[in-house]
Amino acid sequence: MAKDMMTRFELYQPVDIAGALELVDKLGVDGWLIAGGQDSLDWFKDRAKRPGSVIDLSRIESMRGIRETGVGIEIGALTTVTEIEESALIKSRFGVLTDAASRVASPQIRNVGTIGGNVCQDTRCWYYRSGIDCYRAGGSTCYADTPEGMNREHCLFGADRCVAVSPSDLAPALVVLDASMVIQSRDGERVVAAEEFFVGPDADIERMTVIKSGEILTAIRIPGTWSGATFYFEKVADRNTWDFALVNVAAAMRVENDVIQDIRIACGGVECVPRRMSVAEDIAKGSAKDEETARLAGGSASRGAVPLNYNHFKISLLENLVMRAIRDS
Ligand SMILES: Cc1cc2nc3c(=O)[nH]c(=O)nc-3n(C[C@H](O)[C@H](O)[C@H](O)COP(=O)(O)OP(=O)(O)OC[C@H]3O[C@@H](n4cnc5c(N)ncnc54)[C@H](O)[C@@H]3O)c2cc1C
Ligand code: SF4
């Protein structure tokens, strides 16, 4: 297959949200949204996706920037990952998002890639990315979930025909911060909790989020709930730059007199959605923030995991990351 040769498409460049919504409504599934293009252009160059029309959102100024909203903040979907990493406001209040942003891809990709594109990006399963007709691509088999399938990067939880994982480093941080995703269509606005925004193959095998044709993610709101809390983010990848997480962990907690009053933990790279570590949270809540709690909670993180042939190593990796999130934050 020829690489780096894109097929023709009609390019639309709306300058406001109303214009973009009109286009997504008119073009339907044939209108591919593009923000920084860091995920989309790979698909186009590999000819694995060939949209007839591309709607470039990058000229919509109102979708950029980080604003205070009283108790919380609102981040426009076109805000770059670098802008998030460098924001003093985010760092002072929601440092887990700063740390997650600093671990996304490479500086060059962060300069162009947007937060909206990061949370809407497609899975990195390499069979699917090669344009093979697997379940997720509308076919009738999963090539990764076979005895010889290359599934080292794939899931421990939530398999349903597809065993791909959520690749985003920002997604678990947004889940622990209890962020809301603002989605607009010509019918109006709906606001979805980050935890409900990502969908697994049981809900829809061809999508990674609740966003439907005709909709655009315009902003992400972070409430004040976890402002200034104790945070932790760690990502383990095969290489320390320009590489997706094998497993990542984000945590937010409130600690008083060395006792964990409240905690949220989410992990990426283990399920098709960022996985909330509810059992570990229950163990940690009300317990001393010490080695024993960290070990018990970490050990619970893999409960219910169903490893594939080549990803058993993710079980101890996941347990250790959750343990460290509690112990070392
Ligand atoms: C080599 C490489 C390494 C990478 N490493 C990492 C990594 O380590 N961690 C990580 O988290 N990510 C990684 N990424 C992914 C990259 O960070 C994201 O692809 C980037 O943030 C996406 O932003 P974008 O604006 O460029 O997305 P685009 O390519 O413009 O869009 C991505 C997808 O989101 C949709 N979309 C974009 N904006 C919107 C919107 N506002 N509303 C609805 N849909 C929208 C598009 O239709 C498309 O399907 C890597 C990418 C590459 C190429
Ligand atoms: S894991 Fe999912 S995306 Fe990958 S080959 Fe299987 S069905 Fe396709």
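1. A charge sits over a ring if NZ of Lys or CZ of Arg is within 6 Å of the ring centre and within 35 degrees of the ring normal. In this predicted model, Arg161 lies over the face of Tyr135, at 6.0 Å from the ring centre. A second case involves Lys49, whose charged end sits over the ring of Trp43 at 4.8 Å from its centre.

2. Trp43 also takes part in an aromatic pair. The structure holds six aromatic pairs. In one of them, Trp43 and Tyr128 meet edge-to-face, with 5.0 Å from centre to centre and 70 degrees between the planes. This pair links distant parts of the chain, since Trp43 belongs to helix α2 and Tyr128 to helix α8 (residues 126-129), 85 residues apart.

3. Are Trp43 and Tyr128 buried or exposed? Trp43 counts as buried because its relative accessible area is 2%, under the limit of 20%. Tyr128 is likewise buried, with a value of 3%.

4. Elsewhere, ring pairs join Phe9, Trp32 and Phe44 into a cluster.

5. Ligand 1 is surrounded by 34 residues, and the closest are Leu33, Ala35, Gly36, Thr114 and Trp242. The shell comprises 17 nonpolar, 11 polar and six charged residues. Helix α7 (115-120) is one of the elements that supply at least two shell residues; its share, four residues, is the largest.

6. Oxygen atoms of ligand 1 have polar partners in the protein. A backbone N or O atom of Ala35 lies 2.7 Å from one such oxygen atom, and a polar side-chain atom of Lys235 is found at 2.7 Å from an oxygen atom of the ligand. Taken alone, ligand 1 exposes 980 Å², of which the protein buries 93%.

Definitions and conventions
Residues are numbered from 1 along each chain as its sequence is written. Chains are lettered from A and ligands numbered from 1 in the order in which they are written. This is a predicted model: local features need pLDDT of at least 70, side-chain atom pairs count only at pLDDT 80 or more; totals for chains, interfaces and linings use all residues. Side-chain values use heavy atoms; hydrogens and water are left out. A residue is near a molecule or strand if one of its heavy atoms lies within 4 Å of it. A polar contact is a pair of N or O atoms within 3.5 Å; within protein, one must be able to donate a hydrogen and the other to accept it, and residues adjacent in sequence count only if both atoms are side-chain atoms. Accessible areas come from the Shrake-Rupley method with a 1.4 Å probe; for residues, only the protein chains shown count as cover. Ala, Val, Leu, Ile, Met, Phe, Trp, Tyr, Cys and Pro count as nonpolar, Asp, Glu, Lys and Arg as charged, and the others, Gly among them, as polar. Rings of Phe, Tyr and Trp (its six-membered ring) pair if their centres lie within 6.5 Å; planes under 30 degrees apart count as stacked, over 60 as edge-to-face and the rest as tilted. Buried means under 20% relative accessible area, exposed over 50%, partly exposed in between (1.4 Å probe, protein chains only).
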